Amino acid sequence: MYIESPDNSVLQEDLERAVKEGFPTDKLKNAKVLVTGATGLLGSQVVKYLLCLDRIKKLGITVIISVRNKEKAKKVFPYLGENPSLVLLEGDINDEIHYEGEVDYIVHGASPTSSKYFVTSPVETIRTAMDGTTNILSFAEKKKIKGMVYLSSLEVYGTPAEEAGLISEKDYGYIDPLSVRSSYSEGKRMVECLCVSYAEEYGVPVKIARLSQSFGAGVEYNDGRVFAEFARCAIEKKNIVLHTEGKTVRSYCYTMDAVTALVAILLDGAIGEAYNVTNMRTAISIYDMAGLVCNIFPDSGISVEKDLPEDISSFGYNPEMVIRLDSSKLEKLGWRATVGLEEMYQRLVDSMILSKDAV
């Protein structure tokens, strides 16, 4: 038998805890599940969760991973080619998808995630969103699947009004369509519409997960996102340097909580509907989160500094905003967030140290 995360004991503990806590997954018995973006943070953890579920509960699940880079896939899944429950589908989702076997469910997570990429490659960001998802939805229609979940983002809400309060799935703010940074958020909005259009016109049973920023065990050491930068500063005992005032407030979600949310939406969510995925108890500003990291790891001896450039547009940062997602709709499916912000950082740092040592 193959354990799912042999190089990261923190993530392995997460996987086994999530499986053993008894999330209802009987619908996955003998299921064939296609995961796109399978080497990304959440995509890879969905794959490992399904494999762990199969190993512990003996459900007969087959996971088909859609990847562009076979060598990267081998690094993420070192048992690839040996574990019969894991099948490789090599190719780019921007091209037509060819797979002769059966597929019951699809988790569609293939997407750029770097803010800098959104501003340096906005055309490619939009094309991957639209062309790639069109190919996946057409494939889903052809295979007559039982369910699909599309990984969207809190960025579809744009910049909410200051008095907005908790943001439900029916609330929307302002997005500037003439900003190249909007290539990601506008792309996500359009793909959501594409999903519900395929559901209405062709009967594709697709659901939408609007993810808050998710982090925890399994994040690569050199990840460029702000939460990873803060964790690296704690590990390397370097002060946290902010390039903005850090006033943006968001809520967050632990990686494995996000994974179980995706499975809940996939199996039990309503077709053509969206669900916010977040831990409502984690809302915090960037500046306060930097201070929190300093307090969680006092032995690092670090503090928060500000270095505000004259032009921050090249960084690809979102406009300053306060956005607190409401996950009540998701919780009605029986899902609950289990890990708070301090534990998220503790497990993130423990996991990043392991990934650094493995390099």
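The exercises below, each with a worked solution, concern a predicted model of one protein chain.

**Exercise 1. Overall form**

Task: Compare the radius of gyration of the protein chain with the value for a compact globule of 359 residues.

Solution:
- Step 1. A compact globule with 359 residues would have a radius of gyration near 21 Å.
- Step 2. The protein chain has 20 Å, which agrees with that value.
- Step 3. Along the principal axes, the C-alpha atoms fill a box of roughly 55 × 45 × 40 Å.
- Step 4. The secondary structure within this chain comes to eleven helices and 14 strands.

**Exercise 2. Inside and outside**

Task: State what share of the residues is buried, and what share of the exposed area carbon and sulfur atoms supply.

Solution:
- Step 1. Of the 359 residues in the protein chain, 53% are buried.
- Step 2. The chain exposes about 16200 Å², and carbon and sulfur atoms supply 48% of that area.
- Step 3. Contacts between residues at least 6 apart in sequence can be sorted by separation: 82% of them join residues at least 24 apart.
- Step 4. For the charges, the mean position of the 40 positive ones lies 4 Å from the mean position of the 51 negative ones.

**Exercise 3. Strand β5 and its neighbours**

Task: Decide whether strand β5 (residues 147–153) is enclosed or open, and find the strands that pair with β5.

Solution:
- Step 1. In a regular strand the side chains alternate between the two faces of the sheet.
- Step 2. One side of β5 carries G147, V149, L151 and S153, and the other carries M148, Y150 and S152. These residues are all buried, and both faces are covered.
- Step 3. Because seven of the seven residues are buried, β5 is largely enclosed by the rest of the structure.
- Step 4. Strand β4 (residues 105–108) runs parallel to β5 and is joined to it by four bridges. In this pair, I106 has M148 of β5 as its bridge partner.
- Step 5. Strand β7 (residues 206–211) also pairs with β5 in the parallel sense, over six bridges. Here S153 stands opposite L211.

**Exercise 4. Strand β1**

Task: Describe how strand β1 (residues 32–36) is covered and how it pairs with strand β2.

Solution:
- Step 1. Four of the five residues of β1 are buried, and the strand is mostly covered.
- Step 2. β1 pairs with β2 (residues 62–67) in the parallel sense over five bridges.
- Step 3. In this pair K32 stands opposite T62.

**Exercise 5. Helix α7 and residue I235**

Task: List the buried residues of helix α7 and the residues that I235 touches.

Solution:
- Step 1. Helix α7 spans residues 226–236 and contains I235.
- Step 2. The buried residues of α7 are F227, A228, F230, A231, R232, C233 and A234.
- Step 3. Leaving out residues up to four places away in sequence, I235 touches Y221, V349, M352 and I353.
- Step 4. I235 and I302 are 67 residues apart in sequence, while their C-alpha atoms are 9.9 Å apart in space.

**Exercise 6. Two lysines with positive phi**

Task: Locate K58 and K237, and decide whether K58 and K237 are buried or exposed.

Solution:
- Step 1. Most residues other than glycine have a negative phi.
- Step 2. K58 has a positive phi, near 50°, and sits in the loop between α2 (41–57) and β2.
- Step 3. K237 has a positive phi of about 55° and lies in the loop between α7 and β9 (240–242).
- Step 4. A residue counts as exposed over 50% relative accessible area. K58 has 62%, so K58 is exposed. K237 has 57%, so K237 is exposed.

Terms used: Residues numbered from 1 in each chain as written. Predicted model: local features only at pLDDT ≥ 70, side-chain atom pairs only at ≥ 80, totals over all residues. Heavy atoms only, no water. Rg over C-alpha atoms; globule rule 2.2 N^0.38 Å. Buried < 20%, exposed > 50% of the residue type's maximum accessible area, 1.4 Å probe, protein only. Contact = heavy atoms within 4.5 Å. Areas by Shrake-Rupley, 256 points an atom, 1.4 Å probe, with all protein chains shown as cover. Lys, Arg positive; Asp, Glu negative; His and termini not counted. Charge placed at Lys NZ, Arg CZ, Asp CG, Glu CD. Pairing = 2+ DSSP bridges.
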